[in-house]
Amino acid sequence: DAMSTLKADTIQSTGGGAVTLTKQTAAKHFLSFDGNTENDIKLSFNTSSVADSGTGAYAVTLTNGTSSAFSTVLGTAFRAAHWVCTNHGQGMASTTSYSLDCRNSSASLADIETGSAIHGDLA
């Protein structure tokens, strides 16, 4: 068995777009932001904006849409024990946006540092 090593700084499809992954999946969107400070985005991929929809409630808009509003949305809370951020199983509102609600240990909506990600296919 011959061993080979492939090293590259950038891999691009022959058509100039993103390389298609086979037999694996990658997040099509991720977001880390601070809901306490004007929704300051700390780190993101494929994120157009985060809007404050009220205490602990956010509307996220993607730069590039998914192929279906049934894509999986995952949410998490940072640096707070017993807090949760969730999409409430609603999925996406459309192929380009979704809502995220964050609740404290008393189940009340509350602003917090949070993050989310989407798995599915891009349009």
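**Figure 1. Glutamate 38 sits in the loop between S1 and S2.** The model shown here and in the views below is predicted. Glutamate 38 is exposed, at a relative accessible area of 77%. Its backbone stands out as well: phi of glutamate 38 is near 55°. That is a positive value in a residue other than glycine.

**Figure 2. Asparagine 39 is also placed in the loop between S1 and S2.** Is asparagine 39 buried or exposed? Asparagine 39 has a relative accessible area of 9%, so it counts as buried, the limit being under 20%. Its contacts, leaving aside neighbours within four places in sequence, are Phe33, Asp34, Val50, Ala51, Asp52 and Tyr58. Two of these residues, Phe33 and Tyr58, return in Figure 5 as an aromatic pair.

**Figure 3. Lysine 42 and aspartate 40 form a salt bridge.** Side chains of opposite charge can pair when their charged atoms come close. Here the N to O distance is 3.0 Å. The count for the model comes to 1 salt bridge. Aspartate 40 is partly exposed, with a relative accessible area of 34%. Strand S2 covers residues 40-45.

**Figure 4. Phenylalanine 30 stacks with phenylalanine 45.** A pair of aromatic rings is described by the distance of the centres and the angle of the planes. The model holds 2 aromatic pairs. In this one, the centres of phenylalanine 30 and phenylalanine 45 are 5.8 Å apart, with 25° between the planes. The pair counts as stacked because its planes are under 30 degrees apart. Which strands does the pair connect? Phenylalanine 30 lies in strand S1 (residues 29-34), and phenylalanine 45 lies in strand S2 (residues 40-45). The pair therefore ties together parts that are 15 residues apart in sequence. Both rings belong to partly exposed residues: phenylalanine 30 has 32% relative accessibility, and phenylalanine 45 has 43%.

**Figure 5. Phenylalanine 33 and tyrosine 58 meet edge-to-face.** The ring centres of phenylalanine 33 and tyrosine 58 are 4.9 Å apart. Their planes are at 80°, so the pair is edge-to-face; the cut-off for that class is over 60 degrees. Phenylalanine 33 lies in strand S1, and tyrosine 58 lies in strand S4 (residues 57-62). The pair therefore ties together parts that are 25 residues apart in sequence. Phenylalanine 33 and tyrosine 58 are both buried. Asparagine 39, shown in Figure 2, is in contact with Phe33 and with Tyr58.

**Figure 6. Asparagine 46 lies in the loop between S2 and strand S3 (47-54).** What is the phi of asparagine 46? The angle is about 60°, a positive value, although asparagine 46 is not a glycine. Asparagine 46 is buried, with a relative accessible area of 10%. Glutamate 38, the residue of Figure 1, also has a positive phi, but glutamate 38 is exposed.

**Figure 7. Cysteine 85 and cysteine 102 form a disulfide.** A disulfide is a covalent bond between the sulfur atoms of two cysteines. A search of the whole structure finds 1 disulfide. The sulfur atoms of cysteine 85 and cysteine 102 are 2.2 Å apart. The link is right-handed, with 115° about the S-S bond. Where do the two cysteines lie? Cysteine 85 is in strand S6 (residues 84-86), and cysteine 102 is in strand S7 (residues 97-103). The pair links distant parts of the chain, 17 residues apart. Cysteine 85 is buried, at 3% relative accessibility. Cysteine 102 is buried too, with a relative accessible area of 0%.

**Figure 8. Serine 67 and alanine 123 approach across the sequence.** Serine 67 is found in the loop between S4 and strand S5 (72-77). Serine 67 and alanine 123 are 56 residues apart in sequence. In space, their C-alpha atoms are 3.9 Å apart. Not counting residues up to four places away in sequence, serine 67 touches Thr95, Asp121, Leu122 and Ala123. Serine 67 is partly exposed, with a relative accessible area of 46%.

**Figure 9. Leu6, Ile11 and Val19 form a nonpolar patch on the surface.** Together, Leu6, Ile11 and Val19 have about 330 Å² of accessible area. Isoleucine 11 is in the segment before S1. Is isoleucine 11 buried or exposed? Isoleucine 11 has a relative accessible area of 58%, so it counts as exposed, the limit being over 50%.

Note on methods:
Residues numbered from 1 in each chain as written. Predicted model: local features only at pLDDT ≥ 70, side-chain atom pairs only at ≥ 80, totals over all residues. Heavy atoms only, no water. Phe/Tyr/Trp six-rings, centres within 6.5 Å; stacked < 30°, edge-to-face > 60°. Helix = DSSP H or I, 4+ residues; strand = E, 2+ residues; numbered from the N terminus. Buried < 20%, exposed > 50% of the residue type's maximum accessible area, 1.4 Å probe, protein only. Contact = heavy atoms within 4.5 Å. Disulfide = S-S within 2.5 Å. Salt bridge = Lys/Arg side-chain N within 4 Å of Asp/Glu carboxyl O. Patch = residues over 30% accessible without salt bridge, like charges linked within 9 Å, V, L, I, M, F, W, Y side chains within 5 Å. Areas by Shrake-Rupley, 256 points an atom, 1.4 Å probe, with all protein chains shown as cover.
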